[in-house]
Amino acid sequence: MTALKLMIVDDSNIMRRKIERSHQCARLQFIGAAGNGHQAVELFRRTAPDVVTMDITMPEMDGIECVKALVALNPDVLILIISALADKATAIEAMKQGANGFLCKPFTDRQLTEALDELLRGATQ
Amino acid sequence: MSMTRVELETFVQGTTHYFVTAANQAATVGSPYLVNEGSPALLEYTGVITIAGKRKGIVYFTASRPMLTVLLMRLGETDMTHENMADLVGEVANQISGNARRDFGREFMISVPRVLSGAQSESPTPADARSFVIPINWRSHSAQLVVCLD
């Protein structure tokens with residue numbers, strides 16, 4: 001099975017590395033990380049990832065705006081929001097803009113893997 | 001508008017949840033107490049979140065370097081640089097404040113973290129503000145979450 005390319009977007013270095021290190025999805029191959037929405041759009045254009053994990057609270061361009069921009073570039077991209085913002089309205093807004101899943105920080109390794117598995121299952125149904 | 005006991009409990013629960021989930025080891029989170037005069041003491045690293053929207057003020061997490069070192073190790077980090085300490089203390093403040101939106105709602109708007117380092121840093125709380133301090137004991141270390149909202 002061909003690996004899917006994974007891009008990680010978060011303004012925290014520690015969180016970027018944790019997401020890269022902690023997920024156990026064999027189908028995902030990490031291809032790059034960005035620290036804000038602008039960097040993410042630029043990296044997305046260069047690397048065309050299949051799956052993106054996206055923080056929301058970031059400087060310069062936040063995650064919701066970035067989701068809109070990425071979906072405009074590729075409507076088929078799979079986006080998992082990984083954010084501390086725990087209110088339902090934010091999750092609903094992210095989904096409206098084109099995100100496919102939502103995982104609340106803090107999370108365990110198992111919760112991250114399950115959220116990514118769920119994202120990939122949804123894409124194949 | 002002042003803080004209610006129920007609102008403070010949101011931050012107590014958020015702090016408890018952070019340590020259990022992110023560090024996989026529970027912290028002892030004490031009862032909040034009010035600081036009427038002066039500002040709560042800062043430890044070596046402080047992550048400050050500015051709150052806007054329906055509520056205004058700040059929430060900050062302040063911790064010592066030894067505590068952050070152990071916490072970084074629990075997160076799988078081997079890099080114990082100043083940059084990583086600052087990143088972590090900001091992220092803890094961000095996650096506890098962001099989780100509070102579950103109860104406060106979307107109008108509880110949080111900023112990206114601002115990080116102060118050095119125990120001699122100027123307090124981020126306004127001079128006349130009423131701050132609630134939530135004491136945190138984790139392993140052999142102490143830290144504080146400070147909530148200062150109008």
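Two residues are taken to be in contact when their C-beta atoms, placed from the backbone, lie within 7 Å. By that yardstick, 68% of the contacts in chain B with a separation of 6 or more are between residues 24 or more positions apart. The model is a predicted one, and what follows looks at chain B as a whole, then at its helix α1(B), and finally at the side that touches chain A.

On overall build, chain B holds four helices and eight strands. Reading from the N terminus, the order is α-β-β-β-β-α-α-α-β-β-β-β. The C-alpha atoms fit in a box of roughly 45 × 30 × 25 Å along the principal axes. Chain B has a radius of gyration of 14 Å, which agrees with the value near 15 Å that a compact globule of 150 residues would have. As for burial, 44% of the 150 residues of chain B count as buried.

The opening helix, α1(B), spans residues 5-22. Its 18 residues reach 26 Å from first C-alpha to last, close to the 26 Å expected at 1.5 Å a residue. Burial along α1(B) picks out T10(B), F11(B), G14(B), T15(B), Y18(B), F19(B) and A22(B). These buried residues sit on the same side of α1(B), because they cover an arc of only 155° around the axis. The general geometry is familiar: an α-helix has 3.6 residues a turn, so residues three or four places apart point the same way.

What lies over that buried side? The cover for the buried residues of α1(B) includes two helices, α3 and α4 of chain B, along with the strands β1 (28-29), β7 (131-138) and β8 (141-149) of chain B. On the face of α1(B) turned away from the buried side, the exposed residues are R5(B) and V6(B). Just past the helix comes N24(B), with a positive phi near 60°.

Turning to the partner chain, 20 residues of chain B are in contact with 21 residues of chain A. Three elements of chain B each give two or more residues to this side, namely α1 (5-22), α3 (82-99) and α4 (101-104). Of these, α3(B) gives the most, with eight residues. In make-up, the side of chain B that touches chain A splits into six nonpolar, eight polar and six charged residues. Helix α1(B) thus turns up in both parts of the story: it has a buried side covered by elements including α3 and α4 of chain B, and it also gives residues to the side that touches chain A.

Terms used
Residues are numbered from 1 along each chain as its sequence is written. Chains are lettered from A and ligands numbered from 1 in the order in which they are written. This is a predicted model: local features need pLDDT of at least 70, side-chain atom pairs count only at pLDDT 80 or more; totals for chains, interfaces and linings use all residues. Ala, Val, Leu, Ile, Met, Phe, Trp, Tyr, Cys and Pro count as nonpolar, Asp, Glu, Lys and Arg as charged, and the others, Gly among them, as polar. The expected span of a helix is 1.5 Å times one less than its number of residues. A residue is buried if 20 or more other C-beta atoms lie within 10 Å of its own, exposed if 12 or fewer, and partly exposed in between; C-beta atoms are placed from the backbone. The arc is that of the directions from the helix axis to the C-beta atoms. The radius of gyration is taken over C-alpha atoms; the globule rule is 2.2 Å times the number of residues to the power 0.38.
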